[in-house]
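Reader: I am new to reading protein models, and I would like to learn how to go from a picture to careful statements. Could you take me through one example, feature by feature?

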Amino acid sequence: MVLEAQLQQAMLLKKVVDAMKDLCKDVNFDCSEKGLQVQSMDSSHVALVSLLLRESAFSDFKCDRPTSLGMNVDSLGKILKMCGQSDSLKLRWQNDADLVSFQCESGEDDRIADFDLKLMQIESEHMEIPEQHYKVVAKLPSAEFQKICRDLKEFGETMQVKATKEGITFTVQGDMGAGNVMLKPREAEKPEDKVSLTVHEPVTAT
């Protein structure tokens, strides 16, 4: 077995794949002793998806040699859709096999589901992402950002983002009118619920 990895929470990979599937059709999962890595551009070459699931994210991880597993993201999403909220996920690939195996096991150990996914040959080259020095770094809950985008898209297709030390403002103008949402920095008990802004200089971007 060249690759054997187990996630205690299958939902972790499911959420990642759900986030990617609207951007990328086919991707290579590059496996090494460091973990699983994905780097892919969308079809219009506007957005870059760069993902690293470190070895420490898995309860058990073994990769005998670096390898690339090409998968259709939509098909992978359909398999992960079968996993329940508390299911664990085991991923296996044998040397030179054209299938990768997934095993979902329920938290109560009373249900085990096995799936095989055909692998694909996908040509891709690793891109070096230059280190960036950003004028603004904003950290906010992803669900909140998703809701803002979903609400404002009713007004138009293009969103303007303005960041100052007072807060970050999302604005959309369209034929039916305009809308804007402002988020101010806030503290929270859980780190993932807080909104923080590091502003070296105010920025407006569209």
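Author: We shall go through the domains, the sheets, the helices and a few single residues in turn. This is a predicted model, in which local features need pLDDT of at least 70 and side-chain atom pairs count only at pLDDT 80 or more, while totals for chains, interfaces and linings use all residues. Residues are numbered from 1 along each chain as its sequence is written, and side-chain values use heavy atoms, with hydrogens and water left out.

Reader: Which domains does the protein chain have, and how far apart do their C-alpha centres lie?

Author: Domain bounds come from an automatic or database domain assignment. Here that assignment gives domain 1 (3-118) and domain 2 (136-205), and the C-alpha centres of domain 1 and domain 2 lie 31 Å apart.

Reader: How should I read a sheet, and what is the order of the open sheet of five strands?

Author: Begin with the terms: strands (E, at least two residues) and helices (H or I, at least four) are DSSP runs, numbered from the N terminus, and two strands pair if DSSP finds at least two bridges between them. The five strands follow the order 5-1-7-8-9, with antiparallel pairing. Strand 5 (60-63) and strand 9 each have a single partner strand and stand at the edges, so one side of each is left without a neighbour in the sheet. From one strand to the next, the twist averages 15 degrees. As a detail of this sheet, strand 1 and strand 5 pair in the antiparallel sense over four bridges, and the bridge partner of L3 in strand 5 is C63.

Reader: Which helix packs on this sheet, and which strands does it touch?

Author: Two conventions come first: contact means heavy atoms within 4.5 Å, and axes are lines fitted to C-alpha atoms, for helices over the stretch in contact, with angles that run from 0 to 180 degrees between N-to-C directions. Helix 2 packs on the sheet and touches strand 7, strand 8 and strand 9, and its direction makes about 175 degrees with that of strand 9.

Reader: Which residues of helix 2 are buried, and why do they lie on the same side?

Author: A residue is called buried under 20% relative accessible area, exposed over 50% and partly exposed in between (1.4 Å probe, protein chains only). An α-helix has 3.6 residues a turn, so residues three or four places apart point the same way. In helix 2 (residues 73-80), the buried residues are V73, L76, G77, I79 and L80. They cover an arc of only 160 degrees around the axis, which puts them on the same side of helix 2; the arc is that of the directions from the helix axis to the C-beta atoms. The elements that cover these buried residues include helix 1 (10-20), strand 2 (26-32) and strand 6 (67-72).

Reader: What is found at the start of helix 2?

Author: There, a side-chain oxygen of N72 reaches to within 3.1 Å of the backbone nitrogen of D74.

Reader: How do I describe a single residue, for example Q103?

Author: I would give its place, its burial and then its contacts. Q103 lies in strand 8 and counts as buried because its relative accessibility is 14%. A polar contact of 3.0 Å joins the side chains of Q103 and D114; the term means a pair of N or O atoms within 3.5 Å, where within protein one must be able to donate a hydrogen and the other to accept it, and residues adjacent in sequence count only if both atoms are side-chain atoms. Leaving aside neighbours within four places in sequence, the residues in contact with Q103 include S88, R92 and I112.

Reader: What can be said of the sheet of four strands?

Author: This open sheet has the order 13-12-11-15, and the pairing is antiparallel. Strand 13 and strand 15 (203-205) stand at the edges with a single partner strand each, so one side of each is left without a neighbour in the sheet. Strand 11 (residues 159-164) and strand 12 (residues 167-174) are joined by six bridges and form a hairpin with two residues between them. Strand 12 and strand 13 (residues 177-183) pair over seven bridges, and this pair also forms a hairpin with two residues between its strands.
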